[in-house]
Amino acid sequence: MGKLFEKFPDPLARLIVVFLALVAAGAFVFFVLIPKPVKDLKVQWDNAIRQESARPVKYAGFHACAECHDKLYETKKKGYHRDLSCETCHGAAKAHTEDPDTVKPVIPAERAFCPQCHAYNPSRPRGFPQINPVAHNPLKPCASCHNPHDPKPPTTPKECAACHGEIARTKAVSHHVQLECTTCHVTPQRHKVSPRAVKPTKPQDREFCGKCHGKDASAKLSANAPKIDLAEHGEKYVCWQCHYPHSPEVEQ
Ligand code: HEC
Ligand code: HEC
Ligand code: HEC
Ligand code: HEC
Ligand code: HEC
Ligand code: HEC
Ligand code: HEC
Ligand code: HEC
């Protein structure tokens, strides 16, 4: 190298020599030393495809299950789990489809399984059904209450008492036992699903109670309702200032 440099005293020429030497070395490495498959994309793709297709197929796909489990297949197709493949829960089952009597797929019976998707996690999409697995009906397997092939969302309670137990129990032993809750509260169906967003009405004025208790009341249930003079009784205060409407007792 030293001798070579003596032939080129000019620093710029020396730089060019070094550069050309590097290019020659690089070309040698690229074209001679690196094997062809590492450089050629097409060869790489061919190799990858050959490697992947040589691997044994483990999953059958959920259409394969329909052949023998047609009922379950149809059930699941209409339910909330319609987008889950059978093998998401039962594991790879191709071997089972080929020899169903000896090879059995796994059955995810343990409680830890379903919370993989349903345990509360703030990063899940809003509205996705989630539970706290520690507090939600502990100890029993999920499938003892939920059909894994056709899970149902929680049903809305029909009775007001499901959520207003104390009021219902109070009213049940009061003089207003015969009155439906809805006599005094106009309740939209949606109140039972979103009770805080959609609220029933509440009586607003003395005339409301007066429909049954006024001297000349005409409401159907008013027949055996004790009568008062609406103009005078309790002055101008609303009735529930003095009478609890769910248990209106009058001390004698
Ligand atoms: C060629 C018919 C056939 C196909 C296809 C098939 N199965 Fe089965 N499967 C059976 C038979 C037969 C049984 C045993 C039935 C029994 O024990 O009552 C069974 C049982 C099962 C069981 C219960 C295993 C146990 O331990 O009780 C599961 C889970 C199951 N199959 C899942 C699947 C899934 C998932 C697929 C699709 C990937 C599938 N099967 C495709 C025939 C089939
Ligand atoms: C969400 C998970 C999940 C999915 C999806 C699912 N299964 Fe299951 N499967 C279960 C669980 C859990 C059990 C055990 C039920 C039990 O213990 O009562 C079960 C039980 C079974 C059984 C045996 C008992 C029975 O109910 O007959 C068969 C067969 C079966 N599944 C087939 C299928 C097929 C076929 C599909 C797709 C069409 C499928 N499963 C999709 C979770 C799942
Ligand atoms: C003893 C019966 C029982 C068991 C066991 C049980 N659940 Fe539930 N689950 C219910 C009832 C009843 C509801 C509806 C009322 C409620 O929301 O509490 C429900 C509601 C749900 C909901 C819907 C929540 C929503 O807000 O939409 C999901 C999801 C759920 N359960 C998943 C599970 C999972 C996962 C397991 C197992 C770890 C499990 N459940 C075990 C009875 C049960
Ligand atoms: C791979 C994820 C996954 C697994 C595992 C899974 N689920 Fe689901 N589950 C879903 C999806 C997705 C829905 C539909 C949600 C929707 O429609 O908004 C659903 C819906 C439900 C619902 C209906 C709740 C509602 O309020 O709409 C219940 C109940 C439920 N699953 C219970 C179970 C049980 C029990 C298991 C275990 C056997 C289980 N899930 C396993 C993904 C899963
Ligand atoms: C799913 C549970 C649930 C059911 C079922 C239910 N409620 Fe409610 N209700 C609530 C909750 C929770 C509140 C409290 C809302 C708040 O304080 O923000 C409430 C509030 C009310 C209120 C007070 C509204 C206000 O403005 O203060 C009335 C009146 C009422 N409910 C009547 C009824 C009647 C009548 C029924 C039956 C037809 C009924 N509810 C069924 C959960 C329920
Ligand atoms: C005779 C009419 C009447 C009947 C029947 C009645 N309510 Fe009320 N309710 C009222 C009045 C009036 C109020 C308002 C009380 C107030 O503002 O202090 C009220 C208030 C409420 C409230 C608000 C919270 C509270 O305790 O003040 C709830 C919740 C409620 N009622 C639920 C019910 C339920 C559930 C039933 C049936 C079990 C029922 N009501 C039956 C008249 C009635
Ligand atoms: C300032 C308190 C107060 C107010 C407001 C009030 N009451 Fe009374 N109410 C009483 C008292 C105290 C009694 C029992 C003594 C009586 O008979 O005067 C009573 C008795 C009653 C009785 C029983 C009468 C009987 O003969 O057994 C009825 C029915 C009644 N009230 C309905 C109403 C109605 C409807 C309203 C609203 C229009 C109302 N009250 C407003 C204090 C009140
Ligand atoms: C749909 C008719 C109806 C409406 C509306 C109604 N009540 Fe009554 N109420 C009755 C009947 C019927 C009785 C008597 C039941 C019995 O003792 O057999 C009664 C009894 C009473 C009593 C007497 C209790 C006792 O100890 O004798 C009071 C006080 C009372 N209601 C207050 C109210 C108040 C306050 C309201 C308004 C929030 C109201 N009622 C709305 C039908 C009604």
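**Notebook: three ligand shells and one buried lysine**

Entry 1, ligand 1. I looked up the surroundings of ligand 1 and found 14 residues around it, of which Cys65, Cys68, His69, His96 and Pro100 come nearest. The model I am reading is a predicted one. I then asked which elements give two or more residues to this shell, and they are helix H5 (62-66), helix H7 (86-90) and helix H8 (94-98). Helix H7 supplies the largest share, three residues. I next examined the polar atoms. A polar side-chain atom of histidine 69 is 2.8 Å from a nitrogen atom of ligand 1. For histidine 96, I also recorded 2.8 Å between a polar side-chain atom and a nitrogen atom of ligand 1. Sorted by class, the shell holds eight nonpolar, four polar and two charged residues.

Entry 2, ligand 4. Here I found 17 surrounding residues, and those that come nearest are His81, Cys114, Cys117, His118 and Pro151. I looked up two histidines in this group. Histidine 81 places a polar side-chain atom 2.8 Å from a nitrogen atom of ligand 4. In the side chain of histidine 118, an N or O atom lies 2.8 Å from a nitrogen atom of ligand 4. By class, I noted 12 nonpolar, four polar and one charged residues in the shell.

Entry 3, lysine 76. Histidine 81 led me to this residue, since His81 is among the residues that lysine 76 touches. I located lysine 76 in helix H6 (residues 70-78). Is lysine 76 buried or exposed? Lysine 76 is buried, and it has no salt bridge. The nearest side chain of opposite charge belongs to aspartate 83, 7.3 Å away; a salt bridge requires the two charged groups to lie within 4 Å. What I did find is that the side chain of lysine 76 reaches the backbone oxygen of leucine 84 at 2.5 Å. Leaving aside residues up to four places away in sequence, lysine 76 touches His81, Arg82, Leu84, Cys86 and His149.

Entry 4, ligand 8. I counted 18 residues around ligand 8, with His176, Cys209, Cys212, His213 and Pro248 coming nearest. Which helix gives the most to this shell? Helix H12 (residues 206-213) does, with three residues. I then listed three histidine contacts. Histidine 175 has a polar side-chain atom 2.8 Å from an oxygen atom of ligand 8. For histidine 176, the partner is a nitrogen atom of ligand 8, at 2.9 Å. A side-chain N or O atom of histidine 213 is 2.7 Å from a nitrogen atom of ligand 8. The shell comprises 11 nonpolar, six polar and one charged residues.

Methods. Residues numbered from 1 in each chain as written. Chains lettered and ligands numbered in written order. Predicted model: local features only at pLDDT ≥ 70, side-chain atom pairs only at ≥ 80, totals over all residues. Heavy atoms only, no water. Near = heavy atom within 4 Å. Polar contact = N/O pair within 3.5 Å; in protein donor to acceptor, adjacent residues only side chain to side chain. Helix = DSSP H or I, 4+ residues; strand = E, 2+ residues; numbered from the N terminus. Nonpolar A, V, L, I, M, F, W, Y, C, P; charged D, E, K, R; others polar. Buried < 20%, exposed > 50% of the residue type's maximum accessible area, 1.4 Å probe, protein only. Lys, Arg positive; Asp, Glu negative; His and termini not counted. Contact = heavy atoms within 4.5 Å.
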